[in-house]
Amino acid sequence: MNDKKRSLLIIEDDPALQKQMKWAFDQYEVVTAEDRESALTQLRRFEPAVVTMDLGLPPFPDDTTEGFRLLSELLTLVPDTRVIVLTGQHDRENAVRAVAAGAYDFFAKPFEPELLLLTIDRAFRMFDLQLENRRLQMNNAAGPLGAVLTRDPGMQRLLRTIEKVASANVSVMLLGESGTGKEVLARGVHEASCRKNERFVAINCAAIPENLLESELFGHEKGAFTGAVKQTQGKFELAHKGTLFLDEIGDLPTSLQAKLLRFLQERVVERIGGRDEIPVDVRVVCATHQNLKSQIALGRFREDLYYRLAEIVIEIPPLRSRNGDASLLAHAFVQRFAAENKRGSMNLAEDAVAAIEAHSWPGNVRELENCVKRAVIMAEGGRICADDLGLSAPDEDLARLNLRQIRDEAEHKAIVRVLSRVNGNIARAAEILGISRPTLYDLMNRFGLKRETI
């Protein structure tokens with residue numbers, strides 16, 4: 001295990017305050033600088049993830065010019081570094097200006113070391129999250145499913161399943177709510193298959209009127225109907241040797257379901273107005289947000305077609321069920337849209353991350369993407385807050401994530417449950433819990449539990 005302390009750069013020209021901060025933050029390797037030049041030297045030498053800096057620096061400590069100059073240089077040299085600005089008690093205007101310029105947070109002097117330490121710890125966590133986001137992007141980019149960014153174990157298992165079935169020549173059905181990324185995963189199936197060098201053709205069955213959909217899928221001959229001025233290939237022919245993605249297959253009209261079933265059985269198509277059977281080698285991947293078995297029961301979807309399409313069924317979990325993915329994706333979207341809109345270095349404030357994690361995202365990844373894109377465009381400075389996202393920050397604070405509290409709650413619940421099951425038998429309860437009787441008595445005393453009250 002690497003026990004090396006992480007570097008924290010403190011830029012402060014007051015020797016006494018330097019010493020105090022070095023002592024207060026001794027869990028980090030504190031390096032100090034007293035002016036702009038020494039700060040840049042320490043930055044290059046130690047590459048700290050977090051920096052605290054006073055805006056009033058020599059040679060004009062009563063002026064913020066040198067401080068803002070240094071802040072700009074810091075964010076240019078190391079845009080991912082979290083900079084916490086220290087200001088005077090009544091200098092809120094410069095604090096807001098610094099945050100707008102890209103600082104992570106600000107603190108007014110004099111400050112409580114414990115509160116500043118909490119902000120520093122959070123800044124390190126935010127830095128680590130961004131690094132993990134970048135690492136996952138780089139790791140995934142090498143594979144066929146590189147567009148999917150996730151840390152959720154269930155979603156990672158799903159991606160491994162897709163990679164396995166991609167090599168088999170079977171039809172795949174993707175089930176999931178709107179916005180969960182069904183087309184992205186369908187492209188992943190294509191890219192991971194032996195057909196990856198051929199075309200991937202997508203069509204939304206719900207977006208095209210019924211009278212045009214047949215022509216879109218199967219093509220038509222010249223003169224087949226009014227307006228058919230030339231022979232036109234359908235999507236099946238265009239996807240020959242590649243993959244055809246039928247999105248919202250649950251909305252496919254009943255009249256076309258029989259024709260699609262015949263294609264899946266015979267692997268030939270007939271254009272509208274034509275008589276020739278055209279062999280087509282295509283893999284079909286379909287998707288829907290509907291419950292097709294319910295549709296079958298209502299007579300709206302053919303059961304035999306369902307089993308032809310659903311040789312492999314993959315259910316995509318909604319974003320709210322993917323632990324940690326909302327904030328991970330949000331960081332990635334911020335980087336992408338900031339670059340696209342030439343906004344420079346931008347990051348999510350802590351209240352924004354908390355709001356993102358607390359929101360249910362009924363529109364899933366698509367809703368999150370649109371929300372972040374709007375915030376990147378509309379945000380005044382380099383930091384995106386919950387208000388920029390149009391979300392409310394949750395009332396809960398990070399104290400609720402305290403591991404000791406969580407562990408105590410879990411132990412209390414387990415002890416009460418086991419003692420209830422064994423009718424207060426201490427020896428039996430200790431055996432089930434895997435602890436000694438004295439330890440169990442100690443825990444019961446700590447939680448105020450008595451056998452007769454269980």
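**View 1. Five strands line up in an open sheet with parallel pairing.** In this predicted model, the strand order across the sheet reads 7-8-11-6-12. Strand 7 (200-204) and strand 12 (312-315) sit at the edges, and each of them pairs on one side only. Going from one strand to the next, the twist averages 20°.

**View 2. Strands 6 and 11 run parallel to each other.** Here we zoom in on one pairing within that sheet. Strand 6 covers residues 172-175 and strand 11 covers residues 283-288, with four bridges joining the two. If you want a spot to start looking, try V172: its bridge partner in strand 11 is V285.

**View 3. C194 is a cysteine in no disulfide.** Looking for disulfides here? The structure holds zero. For C194, the nearest cysteine sulfur belongs to C286 and lies 19 Å away, whereas a disulfide needs the two sulfurs within 2.5 Å. C194 counts as exposed because its relative accessibility is 73%, and the cut-off for exposed is over 50%.

**View 4. C371 is also in no disulfide, and this cysteine is buried.** The nearest cysteine sulfur to that of C371 is the one in C385, 13 Å away. With a relative accessibility of 5%, C371 counts as buried, since buried means under 20%. So for these two cysteines, the picture is C194 exposed and C371 buried.

How values were computed: Residues are numbered from 1 along each chain as its sequence is written. This is a predicted model: local features need pLDDT of at least 70, side-chain atom pairs count only at pLDDT 80 or more; totals for chains, interfaces and linings use all residues. Side-chain values use heavy atoms; hydrogens and water are left out. Buried means under 20% relative accessible area, exposed over 50%, partly exposed in between (1.4 Å probe, protein chains only). Two strands pair if DSSP finds at least two bridges between them. Axes are lines fitted to C-alpha atoms, for helices over the stretch in contact, and angles run from 0 to 180 degrees between N-to-C directions.
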